[in-house]
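Here are a few exercises to work through with the model open beside you. Try each task before you read its solution.

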Amino acid sequence: MAAAKGDGAVGELELQAALGFNGHVPCGLICHPDREHILYPLGCTVVIQHLDTKKQSFLHGHADNVSCVVVSRDGMDVASGQVTCIGFKMTDDDDDFYLGTTSGDVLKVNTSSKVVTACGPQKKKFSMGVTALLLPKTGGLIVGTGEGTVALCTGSDFQVKKRMRVEGAVTSLTCRGRDDQFFIGTNKGQMHRSAYATFKEELVAVCHTEAVNDIVFPEGHSDLFVTCSTNDIRVWYTPERLERLRITVPNITCHAVEVTRDGMVIVSAWNDGKIRAFVPATGEPMYEINNAHNLGVTAIAATSDCKQIISGGGDGQVRIWNTGEKTQKLREVLKEHRGAVSCIKINKNDKEGVTASLDGTCVIWDLVRYVRKQMILDNTLFKCMCYHPGEYQIITSGTDRKIVYWEVLDGSAIREVQGSLSSSINGMDITSDGASFVTGECVVGAGERRSY
């Protein structure tokens, strides 16, 4: 992460908090031997989190996604590998070890004789294979499976004594030292906690299971923010780093999300061609606009008076809607783009707006007369842009990795900055005083943010 001010010097952005859990890393969730912390990989970073206070610290150094992590027995050392690393395990001096198979069996093998000394379950195998194992100090063996079952097994035939069900395949099981507690990680981005005695799961952490497509803070609020992805929209509470609300729309993708300035409506753009509006406090549906765009709705914005929304589609069209609680009416259709609309911004007085497109154009619109004022052309696929706070310039970026300042008056380029050396810039925002702006890029599957 890098930061820079108006003088062009680039410094470092410090990561303050990470929300989410990457359950796709096998055995990636680990309880530290001090019984007070847990560790898990998240992108290029290893997160260390205090179990009670939730305070986080971060281990950096990888250039790619962390794919394996392990802690020494004394807790003094952490080893991690990235996607080019096949994996490793620190050795234990035990007489036996346990294996789980894709066919649903559990095997106990003697380390000296290399002989299988126990096998089970004898009757009903674990569905979708054994994906994680935990040998607790309290006895027995805890088994995690591909279908989301967590089972406590005992005896030489691994008979199931207790079981519970979590969402997604179990990828990690880890115990909290000698305490009566263990943690479960799944490939659905969920972390659960359970006591051995009750064997009932308690949800600890969640995140989206697919790429996050958009993120927005409500006007004047920093304690809450909204994200969207495939299948859902989520509202997060920043101080506690917790999910407050989840709005689920199965099997479709939300491309963009916006909160109206009065904070009363979440409007969202979906790949099935619909615009959906929800109540922020409860997630209840307010209205739907069917067939808003033929090739899916790809961008959305709301005017400051909360009376209109502007949508962009995969068909390149920009549409303006008059919206109320009971009626939503198409006001105007603007046709200039030949590719999908990727971003929409509206100025403070609602009289002007800018749309960016993957066809290499940005169009500045007169939102009173509904006509084009200026068109910006560049050899790139525009992915993002924003108004300078003074609203006399716009800043754009995209697949050419360049950040360009443009005059709103005549559409001329006035400044160019190299934003990335390796990858497309997919998002940006600017501080209220215009002194710095931040961009988001994708680096081999791992997010990086730079501020200028």
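## Warm-up: the whole chain

The protein chain has 41 strands and 0 helices, where strands (E, at least two residues) and helices (H or I, at least four) are DSSP runs numbered from the N terminus. This is a predicted model, so local features need pLDDT of at least 70 and side-chain atom pairs count only at pLDDT 80 or more, while totals for chains, interfaces and linings use all residues. Residues are numbered from 1 along each chain as its sequence is written, and side-chain values use heavy atoms, with hydrogens and water left out.

Along its principal axes, the C-alpha trace spans about 80 × 50 × 35 Å. Of the 452 residues in the chain, 48% are buried; that means under 20% relative accessible area, with exposed over 50% and partly exposed in between (1.4 Å probe, protein chains only).

## Exercise 1: strand β22 and its partners

Task: work out which way β21 and β23 run relative to β22, and what links them.

Solution. Start with β21 (residues 224-228): 5 bridges join this strand to β22, and the two run antiparallel. For strands to count as a pair, DSSP must find at least two bridges between them. L224 stands opposite Y237 in β22, and the hairpin from β21 to β22 passes through 1 residue.

Next, go to the other partner. β22 and β23 are joined by 7 bridges and also run antiparallel, with D232 opposite T248 in β23. Their hairpin has 4 residues between the strands, and R241 in the turn has a positive phi of about 55°.

Now look at P239, which lies in that loop between β22 (230-237) and β23 (242-259). P239 counts as partly exposed because its relative accessibility is 47%. For β22 itself, 6 of the 8 residues are buried, so the strand is largely enclosed by the rest of the structure.

## Exercise 2: aromatic pairs

Task: find how F182 and Y196 are arranged, and which parts of the chain they tie together.

Solution. First, the rule: rings of Phe, Tyr and Trp (its six-membered ring) pair if their centres lie within 6.5 Å, and planes under 30 degrees apart are stacked, over 60 edge-to-face, the rest tilted. By this rule there are 6 aromatic pairs. F182 and Y196 make a stacked one, at 5.1 Å centre to centre with 25° between the planes. F182 sits in strand β17 (residues 182-186) and Y196 in the loop between β18 (191-194) and β19 (201-205), so the pair ties together parts 14 residues apart in sequence.

Then check burial. F182 is buried because its relative accessibility is 0%, and Y196 is buried too, at 9%.

For contrast, take F217 and F225: this pair is tilted, at 5.4 Å centre to centre and 45° between the planes. F217 is partly exposed at 45% relative accessible area, whereas F225 is buried at 11%. Back at the stacked pair, F182 and Y196 join F199 in one aromatic cluster.

## Exercise 3: what surrounds R276?

Task: find where R276 sits and what its side chain meets.

Solution. Place the residue first: R276 is in strand β25 (residues 275-278). Its relative accessibility is 6%, so R276 counts as buried.

Next, look for polar partners (N or O atoms within 3.5 Å; within protein, one able to donate a hydrogen and the other to accept it, with residues adjacent in sequence counting only if both atoms are side-chain atoms). The R276 side chain makes a polar contact of 2.8 Å with the side chain of D272 and another, of 3.5 Å, with that of E288.

Now the rings. R276 lies over the face of W270, at 5.3 Å from the ring centre; the rule asks for NZ of Lys or CZ of Arg within 6 Å of the ring centre and within 35 degrees of the ring normal. R244 lies over the face of Y237 in the same sense, at 4.0 Å from the ring centre.

Finally, list contacts (heavy atoms within 4.5 Å). Leaving aside neighbours within four places in sequence, the contacts of R276 include V249, I252, I266 and Y287.

## Exercise 4: cysteines

Task: count the disulfides, then see how far C153 and C343 are from the nearest cysteine sulfur.

Solution. A disulfide is taken as a pair of cysteine sulfur atoms within 2.5 Å, and the count comes to 0. For C153, the nearest cysteine sulfur is that of C119, 12 Å away. C153 is buried, with 1% relative accessible area. For C343, the nearest is that of C384, at 6.8 Å. C343 is buried as well, at 11%.
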